[in-house]
Amino acid sequence: MILRHLFSPLNNTRLSNLCGPTDEHLRTIEIALDVRIAHRHEQFKVEGPKAKVQRAMEILQAIYEMAARPVTPATVQLMLSGDGSAEGNAGPTLSTRRADLKPRTQNQAVYLDNIAEFDITFGIGPAGTGKTYLAVAAAVDALQRSAVQRIVLTRPAVEAGERLGFLPGDLNQKVDPYLRPLYDALYDLMGYDQVHKAFERQALEIAPLAFMRGRTLNNAFVILDEAQNTTPEQMKMFLTRVGFGTKTVITGDVSQIDLPKTQLSGLVEAERILRRVPGIAITRLTSADIVRHPLVARIVDAYDAARLADLPTIAVPQAEPELPRIDLPKARTPKRSGA
């Protein structure tokens, strides 16, 4: 299918920002949607499969409308990943340092709604779907509204297939590398100074999962990240730490389990056991919710397809053939001789 469009009113600044430096934005859209885009001044032509051509033209129109100022590559990638404007993805408004923070897809909006409504929420999905980032944003919002007294962030200290050996420094320095993604999200959402002030007044705590045993967490927003690397015993221990006035979010990606092959993941077991328990919400995010580079979604889909292809084929048992019926000769009853 070929679709043509004339952008009007003609605005050379908008056209330049729409295309990006050396047509960078157009090439990004072409690669992501597998279409071809040609243009001469304000006249654009998009060629490819019908659905993808229409999607590409919608994105071009949306970028043109916001192109009074330069458009960043990240904005284009977000629009390709989901709804870059997030219109129609109504979710709770979060008060953080990021004024533009909002759900980019419908599943992300459902995820935030579940966090607001339920005391325990599971966010399960592949990398790049915003599971941890949105949970931390909801926690920061709750802290700033005084809905909770503190934020507690935790994750299991499990290496991703490597053995790092003994790390130097005190306890905090040893566990910091495992918790670095949580620090990054906090710095982005609160700012460096606010994060350290929150640590000083003990309104913010980051700790490995092993330190949760024996505690009761009241009036807190608790996040367990990388939950796919918990054992069933650790998951049960963590879930039973929940106290009064506490919100709990568990995030994980069941396709990236770093436990030994013989060890069952606590997240997998918890999803199976708790899916029908009232008061607990389970949100499943997919590759369509990935808000990183468009290649990430294709990488996730390719690995999922390869994993399904490698699964052993289950042979369907065939019914045993019925043996032919053989009519045996009737047995004769011997006659009794007379007396």
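1. Contact here means heavy atoms within 4.5 Å. With that cut-off in hand, let us start at the small sheet: helix α2 lies across β2 and β3 and runs at about 150° to β2. Please keep in mind throughout that this is a predicted model.

2. Here is the overall picture. The chain has 339 residues, of which 42% are buried. The secondary structure comprises 11 helices and 9 strands. Among contacts with a separation of 6 or more, 70% are between residues 24 or more positions apart. The exposed surface of the chain comes to about 20400 Å², with carbon and sulfur atoms supplying 53% of that area.

3. Back to the sheet under α2. In which order do its strands stand? The order is β1-β3-β2, in an open sheet of 3 strands with antiparallel pairing. Strands β1 and β2 (36–40) are at the edges with a single partner strand each, so each has one side without a neighbour in the sheet. Ignoring direction, neighbouring strands of this sheet are turned by 15° against each other on average.

4. The pairing of β2 with β3 can be checked residue by residue. These two strands run antiparallel and are joined by 5 bridges. One pair to look at is Arg 40, which stands opposite Gln 43 in β3.

5. Helix α2 (residues 24–33) also has a helical partner. Its axis and that of α1 are 5 Å apart, and the two helices pack at an angle of about 45°. That angle makes α1 oblique to α2. On the α1 side, Asn 17, Leu 18 and Cys 19 make the contact, and on the α2 side Glu 24, His 25 and Leu 26 do.

6. Now the aromatic rings. A pair of them is described by the distance of the centres and the angle of the planes. This structure holds 5 aromatic pairs. One of them is edge-to-face and joins Phe 7 to Phe 44, at 5.0 Å centre to centre with 90° between the planes. Phe 7 sits in the loop between β1 (2–6) and α1 (12–19), while Phe 44 belongs to strand β3 (residues 43–47), so this pair ties together parts that are 37 residues apart in sequence. Phe 7 and Phe 44 are both buried.

7. A second aromatic pair, Tyr 187 with Tyr 192, is tilted, with 35° between the planes and 5.3 Å centre to centre. Are these two rings buried or exposed? Tyr 187 has 22% relative accessibility and counts as partly exposed, whereas Tyr 192 reaches 52% and counts as exposed. Both residues belong to a cluster that ring pairs build from Tyr 183, Tyr 187, Tyr 192 and Phe 199.

8. The other sheet is also open, but its pairing is parallel: 6 strands follow the order β6-β5-β7-β8-β4-β9. The edge positions go to β6 and β9 (280–284), each of which has a single partner strand, so one side of each is left without a neighbour in the sheet. From one strand to the next, the twist averages 15°.

9. Although β6 (residues 204–208) is an edge strand, it is mostly covered, with 4 of its 5 residues buried. Its pairing with strand β5 (residues 150–155) is parallel and extends over 5 bridges. Within that ladder, Leu 153 has Ile 206 of β6 as its bridge partner.

10. Further along the same sheet, strand β7 (residues 220–224) pairs with β8 in the parallel sense over 4 bridges. Val 222 stands opposite Thr 248 in β8. Helix α6 (residues 131–144) lies across β4 (120–124), β5, β7 and β8, and its direction is about 170° to β7.

11. Finally, a residue worth a click is Gly 252, found in strand β8 (residues 247–252). What does Gly 252 touch beyond its neighbours within four places in sequence? Its contacts are Gly 123, Ile 124, Gly 125, Lys 131, Ala 227, Gln 228 and Leu 267. With 3% relative accessibility, Gly 252 counts as buried. From Gly 252 to Val 268 the C-alpha to C-alpha distance is 9.6 Å, and the two are 16 residues apart in sequence.

Key. Residues numbered from 1 in each chain as written. Predicted model: local features only at pLDDT ≥ 70, side-chain atom pairs only at ≥ 80, totals over all residues. Heavy atoms only, no water. Buried < 20%, exposed > 50% of the residue type's maximum accessible area, 1.4 Å probe, protein only. Areas by Shrake-Rupley, 256 points an atom, 1.4 Å probe, with all protein chains shown as cover. Phe/Tyr/Trp six-rings, centres within 6.5 Å; stacked < 30°, edge-to-face > 60°. Pairing = 2+ DSSP bridges. Axes fitted to C-alpha atoms, helices over the stretch in contact; angles between N-to-C directions. Parallel < 35°, antiparallel > 145°, perpendicular 65-115°, else oblique.
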